[in-house]
Amino acid sequence: MTSSRASVHVPADPPPSHLAIQNLLVTYAELVDDGDFAGLGALLADATFTGSGAPVSGADATEKMFRDMLIVYDDGTPRTKHVTTNIAIEVDEAAGTAVSRAYFTVLQALPGLALQPIVSGRYRDRFERCAGQWRFAERRVLVDLTGDVSHHLRHPK
């Protein structure tokens, strides 16, 4: 029996730099959803973060921004799940730099409040390699659509 899969091209594994950068994108989402603001500060310590407010830089300023912005519940989390999709990564290996763009959707569920999307938008990121490790140099969060963020943000805009 002949398989029709024989003609399907399976792409090679992504290069290690692409995987390292994708891991940074995933780690960001996990830290926000875990309510680990100190971890976010460490992850973005060498980056400038631009969201809905003034840009912030450095671990302490980034941690404070997230603590001041997000509502945390009794379980220590904002009760969210960040879903990151449509990821495109471009790496300049020689320069040790990279850029990425991605979509995000944030879901939230609370007791008495059904699971719902509360915000979606785009990430625009820059990365640099330092001492052989990739790190964020800049994260820009561009919000496209919002739902009910009153249970997520301390001061909804």
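Which strands does helix H1 lie across, and at about what angle does H1 run to S3? Helix H1, residues 16-34, lies across S1, S3, S4, S5 and S6, and its direction is at about 155 degrees to S3. Keep in mind that this is a predicted model. Overall, you're looking at a protein with three helices and six strands.

**Layout along the chain**
- Going through the sequence, the elements come as α-α-β-β-α-β-β-β-β.
- Strand S1 covers 48-50, S5 covers 113-130 and S6 covers 133-146.

**The sheet**
- Six strands make up an open sheet, and the pairing is mixed.
- Walk across the sheet and you meet them in the order S2-S1-S6-S5-S4-S3.
- S2 (56-57) and S3 (80-92) sit at the edges, each pairing on one side only.

**Zooming in on S3 and S4**
- S3 and S4 (residues 97-110) run antiparallel, with 11 bridges joining them.
- If you want a spot to find this pair in the viewer, try His82: its bridge partner in S4 is Val106.
- Both S3 and S4 are also among the strands that H1 lies across.

**Burial, surface and contacts**
- The protein has 157 residues, and 35% of them count as buried.
- About 9,200 Å² of the protein is exposed, with carbon and sulfur atoms supplying 54% of that area.
- Take the contacts between residues at least 6 apart in sequence: 55% of these join residues at least 24 apart.

Notes. Residues are numbered from 1 along each chain as its sequence is written. This is a predicted model: local features need pLDDT of at least 70, side-chain atom pairs count only at pLDDT 80 or more; totals for chains, interfaces and linings use all residues. Side-chain values use heavy atoms; hydrogens and water are left out. Two strands pair if DSSP finds at least two bridges between them. Helices (H or I, at least four residues) and strands (E, at least two) are DSSP runs, numbered from the N terminus. Contact means heavy atoms within 4.5 Å. Axes are lines fitted to C-alpha atoms, for helices over the stretch in contact, and angles run from 0 to 180 degrees between N-to-C directions. Buried means under 20% relative accessible area, exposed over 50%, partly exposed in between (1.4 Å probe, protein chains only). Accessible areas come from the Shrake-Rupley method with a 1.4 Å probe; for residues, only the protein chains shown count as cover.
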